[in-house]
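Me: I'm new to this one, so could you walk me through it? Please show me the structure and then I'll ask away.

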Amino acid sequence: QAQFVESGGGLVQSGGSLRLSCAASGSISDYYTVGWWRQAPGKEREGVACISMIDGRATTVDSVKGRFTGSRDKSKNMVFLQMNNVKPEDSGVYYCVGECGAGPWGQGTQVTVSS
């Protein structure tokens with residue numbers, strides 16, 4: 001089973017862009033899907049995107065639709081989250097996770113959007 005390590009988080013201004021990466025120690029093809037979730041302090045963790053490892057298609061939650069895009073590179077065992085036109089409410093710790101929530105989970109990368 002793959003294990004995940006996220007990177008690419010940091011500080012970004014509202015309206016800017018950021019690309020998160022998730023590197024797997026094993027094969028991402030061990031999963032049908034890999035997802036991105038996020039959690040802000042004091043709030044529940046929420047799913048953001050789910051990416052098919054079969055054909056690369058990605059779905060996103062309504063709050064980020066049109067702004068965030070999930071993708072994968074099976075040859076590199078990596079998945080990505082392209083974040084465009086970010087908003088302060090996008091701030092939080094972002095996690096990649098197997099089967100879009102079942103696990104395993106990465107340890108997360110912090111994203112902070114300033115106004």
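Reply: Sure, and one term will help from the start: a residue counts as buried when its relative accessible area is under 20%, as exposed when over 50%, and as partly exposed in between. Also keep in mind that this is a predicted model.

Me: Is Arg38 buried or exposed?
Reply: The cut-off for buried is under 20% relative accessible area. Arg38 has a relative accessibility of 6%, so the label for Arg38 is buried.

Me: What is the distance between the closest N and O atoms of Arg38 and Glu46?
Reply: Glu46 has a relative accessibility of 32%, so it counts as partly exposed. Its partner Arg38 is buried. The two form a salt bridge, and their closest N and O atoms are apart by 2.7 Å.

Me: Arg38 and Asp90 meet in a salt bridge too, so how many residues apart in sequence are the parts this pair ties together?
Reply: Both Arg38 and Asp90 are buried, and their side chains meet at 2.9 Å, N to O. Arg38 belongs to strand S4 (residues 33–39), while Asp90 is in the loop between S8 and strand S9 (92–98). The pair therefore ties together parts whose separation in sequence is 52 residues.

Me: Which residues are linked with Arg38 in a network of salt bridges?
Reply: Two partners have come up already: Glu46 and Asp90. The network has one more member, Arg67. Linked with Arg38, then, are Glu46, Asp90 and Arg67.

Me: How many salt bridges does a search of the whole structure find?
Reply: Besides those of Arg38, there's one where the side chains of Asp55 and Arg57 meet at 3.6 Å, N to O. Asp55 is partly exposed at 44%, and Arg57 is exposed at 65%. Searching the whole structure gives a count of four.

Me: Which side chain makes a polar contact with the side chain of Ser52?
Reply: Ser52 sits in strand S5, and its relative accessibility of 16% makes it buried. Leaving aside neighbours within four places in sequence, Ser52 is in contact with Tyr32, Thr33, Arg57 and Arg72. The polar contact of its side chain, at 3.1 Å, is with the side chain of Asp55.

Me: Which strands are at the edges of the open sheet?
Reply: Four strands make up this sheet, ordered S1-S3-S8-S7, with antiparallel pairing. An edge strand here pairs on one side only. The two edge strands are S1 (4–7) and S7 (68–73).

Me: And what is the bridge partner of Arg72 in S8?
Reply: S7 runs antiparallel to strand S8 (residues 78–83), and six bridges join them. For Arg72, the bridge partner in S8 is Val79.

Me: Which element gives the most to the largest nonpolar core?
Reply: That core has 24 residues, and Trp36, Leu81, Met83 and Tyr94 have the most contacts inside it. The elements giving two or more residues are S3 (18–24), S4, S5 (46–52), S8, S9 and S10 (109–114). With four residues, the one that gives the most is S3.

Me: Last one: what separates the C-alpha atoms of Ala40 and Gly56?
Reply: Ala40 lies in the loop between S4 and S5. Not counting residues up to four places away in sequence, Ala40 touches Ser91 and Gly92. Gly56 is 16 residues from Ala40 along the chain, and their C-alpha atoms are separated by 27 Å.

Terms used
Residues numbered from 1 in each chain as written. Predicted model: local features only at pLDDT ≥ 70, side-chain atom pairs only at ≥ 80, totals over all residues. Heavy atoms only, no water. Pairing = 2+ DSSP bridges. Buried < 20%, exposed > 50% of the residue type's maximum accessible area, 1.4 Å probe, protein only. Core = buried A, V, L, I, M, F, W, Y, C linked by side-chain atoms within 4.5 Å. Polar contact = N/O pair within 3.5 Å; in protein donor to acceptor, adjacent residues only side chain to side chain. Contact = heavy atoms within 4.5 Å.
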